[in-house]
Amino acid sequence: MENPELHGIPETMLINLWARAAESRRSHPIIVDDKAGEIMARLHYDFSRFERAWMTQVGVSIRSMLLDAATRDFLKRHPQGIIINLGAGLDTRFERLGLPQVRWYDVDVPEAIAVRQRFFSEDRLDHCIAKSIFDYSWIDNLGARDAPVLFIAEGVLMYFAIDEVKSFLAHLIPRFPGAEMLVDVLGPLLAGRSKYNDSIKKIDSTVEFKWGMKNSRELETWHEGLRLVEEWHYLDYCKDRWGWVGFLMRLPLLRSRLSCRIVHLHFTSP
């Protein structure tokens, strides 16, 4: 058994891993991720703490489904495109989508990459970059940027202060003109309330949701080179799995304050 030895924000990658593995065991799963189950079985970690975290399981599964679809769409439009997975953790999207020829970079802090390297083949390790996404020297570790770029920021930016996220985007936009980004955004009432989240409250580390927003158009005010393309709200999918909670959260007054979604952004050229 492998001891993950993860603390702080990196520990949250075990929640995502558990959610995908648990969903895969259902008779009619939202997403199938056999690799997640294989990794989970080899980790010395008490995943049973998440057994009742059904909202996280549904949310992470829908998020994964939406990001998979959006990634496929990007690569359909740009078959030679480059994928940069920010805060990759133990994400298995590269394997799930069957993309052996795609230039794919997984960027995460060294302790997260150290765990990741135990479970992925050597040809994949060539694309791991063991640096914080806020250590912009990771950009120098990329190969030739001679094709359209898609950034995926899944389950990561909400844990950092809004000014840090704005600065992060301000660093990326001029360096990657024309790039696209997929990022998950929380509803504003969820910020500062991670202690009520059915999975975050179960981990050993203390982490907090630092920001959320009512209207995704607000992102366009963060930088002149940022444009909203489209968004997908989790509550609009697999409605039978959300039960009465989903019914309440789809009410207009609550939806705008609590609804989580994937936002598709475009970095406009100067």
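User: Which residues are linked with Arg 93 in a network of salt bridges?

Analyst: Keep in mind that this is a predicted model. Side chains of opposite charge can pair when their charged atoms come close. Here, salt bridges join Arg 93 into a network with Arg 20, Asp 33, Arg 63, Asp 68, Asp 91, Arg 96, Glu 154 and Asp 184.

User: How many residues apart are Arg 93 and Asp 68, which form a salt bridge?

Analyst: Their closest N and O atoms are 2.5 Å apart. Arg 93 sits in helix α4 (residues 93–97), while Asp 68 belongs to helix α3 (residues 54–77). So the pair links distant parts of the chain, because the two positions are separated in sequence by 25 residues.

User: Is Asp 91, which pairs with Arg 93, buried or exposed?

Analyst: In the salt bridge between Asp 91 and Arg 93, the closest N and O atoms are 3.5 Å apart. Buried means under 20% relative accessible area. Asp 91 comes in at 6% relative accessibility, so it counts as buried.

User: Which parts does the Arg 116 and Asp 106 pair tie together?

Analyst: The side chains of these two, Arg 116 and Asp 106, meet in a salt bridge at 3.1 Å, N to O. They are 10 residues apart in sequence, and Arg 116 lies in one element while Asp 106 lies in another. So the parts tied together are helix α5 (residues 110–116) and strand β2 (residues 103–108).

User: What is the relative accessible area of Asp 106?

Analyst: Its partner Arg 116 is buried, with a relative accessible area of 1%. Asp 106 is buried too, and its value is 0%.

Conventions. Residues numbered from 1 in each chain as written. Predicted model: local features only at pLDDT ≥ 70, side-chain atom pairs only at ≥ 80, totals over all residues. Heavy atoms only, no water. Salt bridge = Lys/Arg side-chain N within 4 Å of Asp/Glu carboxyl O. Helix = DSSP H or I, 4+ residues; strand = E, 2+ residues; numbered from the N terminus. Buried < 20%, exposed > 50% of the residue type's maximum accessible area, 1.4 Å probe, protein only.
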